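Visitor: I should like to go through this structure with you. Could we take it topic by topic?

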Amino acid sequence: MSLQTLSEWLRCPNCFLPLSPNEPLALRCGSGHSFDVNKRGYVSLAGSASGLIGDSAAMVDARALFLETGWYQPLRERLAERVAAEDPTRVLDIGCGTGYYLQGILTHSPAVRALGMDLSPVAVRRTVSGQTHVDGLVADVWSPLPVRDASADVIVNVFAPRNASEFHRVLREHGLLFVVVPQASHLRELRAAGLALDVPANKGAHLSAALSPAFELATRDELSSTLRLEPAQASALIGMGPSSHHTDAAALARQLSGVQTVTASFELLGYRRLSN
């Protein structure tokens, strides 16, 4: 972990001045605001005003368990290829989770300097672990981001909340925002069993409308496959997302007995940042 590379991404969440290294393990702005840096390689600039809580350790563990099966590998590869085509120097992953998709990007683009951001300290810790080219930030996407203007060539946002005005600010001119959203058929078998939340129809089209006129759609990929899941894998799939808050263990075991195949369908949308 380098205080210097971490600081180069960040601005003070209080006064918005750039943060600089302040040894041994702190960042400091010109106004005197100081923030401790975790020795594991990340800093928390989330504050406590929002009251939001990031993913729990159990949810992050479930996500890691499911993603290790490789079912979402085609999505990771397509995203990494799209990012590599931009030949970026700096990539910001907002909603980084376990770092699964960021690791794929670094495999295709090993010289990239990356920042993994999530509201969950557990997720950020998992993302930066063992990664020399990845810095970590705990922050709330709904607040003004403690990230400097035009500091990213590419923003990655996979199944995570979006803040269009802040994404526009921190992305360089003509940079790319890559967003992954579920299609209406995603996890339909789990929804039919009452084990997953509904997906709004035409989510990609609504997203494009919401991001206009700050961004214009540049690329669009649809990916769909049928997953043949073992009960433990299906349980991890449910446990890694918001549906985990609505299902108890006993009910889950009963309902999963009838689920053998699950549809996974996504849209990978690339949006070009337009000038101010």
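Guide: What follows covers the cysteines, the backbone geometry and the nonpolar cores of this predicted model.

Visitor: How many disulfides does a search of the whole structure find?

Guide: The search finds 0 disulfides.

Visitor: Why is there no bond between Cys12 and Cys15?

Guide: The sulfur of Cys12 has its closest cysteine sulfur in Cys15, at 3.7 Å, which is too far for a bond. The cut-off for a disulfide is a sulfur pair within 2.5 Å. Cys29 is likewise in no disulfide, and its nearest cysteine sulfur, that of Cys15, lies 3.6 Å away.

Visitor: And is Cys12 buried or exposed?

Guide: Cys12 is buried, at 0% relative accessibility. Cys29 also counts as buried, with a relative accessible area of 6%.

Visitor: Turning to the backbone, which residues does a cis peptide bond join?

Guide: One such bond joins Glu23 and Pro24, with omega about 5 degrees. Pro24 sits in the loop between β1 (20-22) and β2 (26-28). Another joins Ser212 and Pro213, where omega is about 10 degrees. Pro213 belongs to the loop between α8 (203-211) and β10 (215-228).

Visitor: What is the phi of Asp87?

Guide: Asp87 is not a glycine, yet its phi is positive, at about 50 degrees. This residue is in the loop between α3 (73-85) and β5 (90-94). Asp87 is exposed, its relative accessible area being 64%.

Visitor: And where does Phe159 lie?

Guide: Phe159 is located in the loop between β8 (152-158) and α6 (164-170). Its phi is also positive, near 55 degrees. With 37% relative accessibility, Phe159 is partly exposed.

Visitor: Now the interior. How many residues has the largest nonpolar core?

Guide: That core has 44 residues, and Phe66, Tyr72 and Leu237 are those with the most contacts inside it. Helix α4 (residues 100-108) gives the most to this core, contributing 5 residues.

Visitor: What does Tyr72 touch, not counting residues up to four places away in sequence?

Guide: Its contacts include Phe66, Leu67, Tyr100, Tyr101 and Leu237. Tyr72 also touches Phe159, the loop residue with the positive phi. Others among its contacts are His186, Leu227, Met240, Ala264 and Phe266.

Visitor: Which residues are among those of the other core?

Guide: Leu137, Ala152, Val170 and Phe215 are among them. This core has 34 residues and lies apart from the largest one.

Terms used. Residues numbered from 1 in each chain as written. Predicted model: local features only at pLDDT ≥ 70, side-chain atom pairs only at ≥ 80, totals over all residues. Heavy atoms only, no water. Buried < 20%, exposed > 50% of the residue type's maximum accessible area, 1.4 Å probe, protein only. Helix = DSSP H or I, 4+ residues; strand = E, 2+ residues; numbered from the N terminus. Core = buried A, V, L, I, M, F, W, Y, C linked by side-chain atoms within 4.5 Å. Contact = heavy atoms within 4.5 Å.
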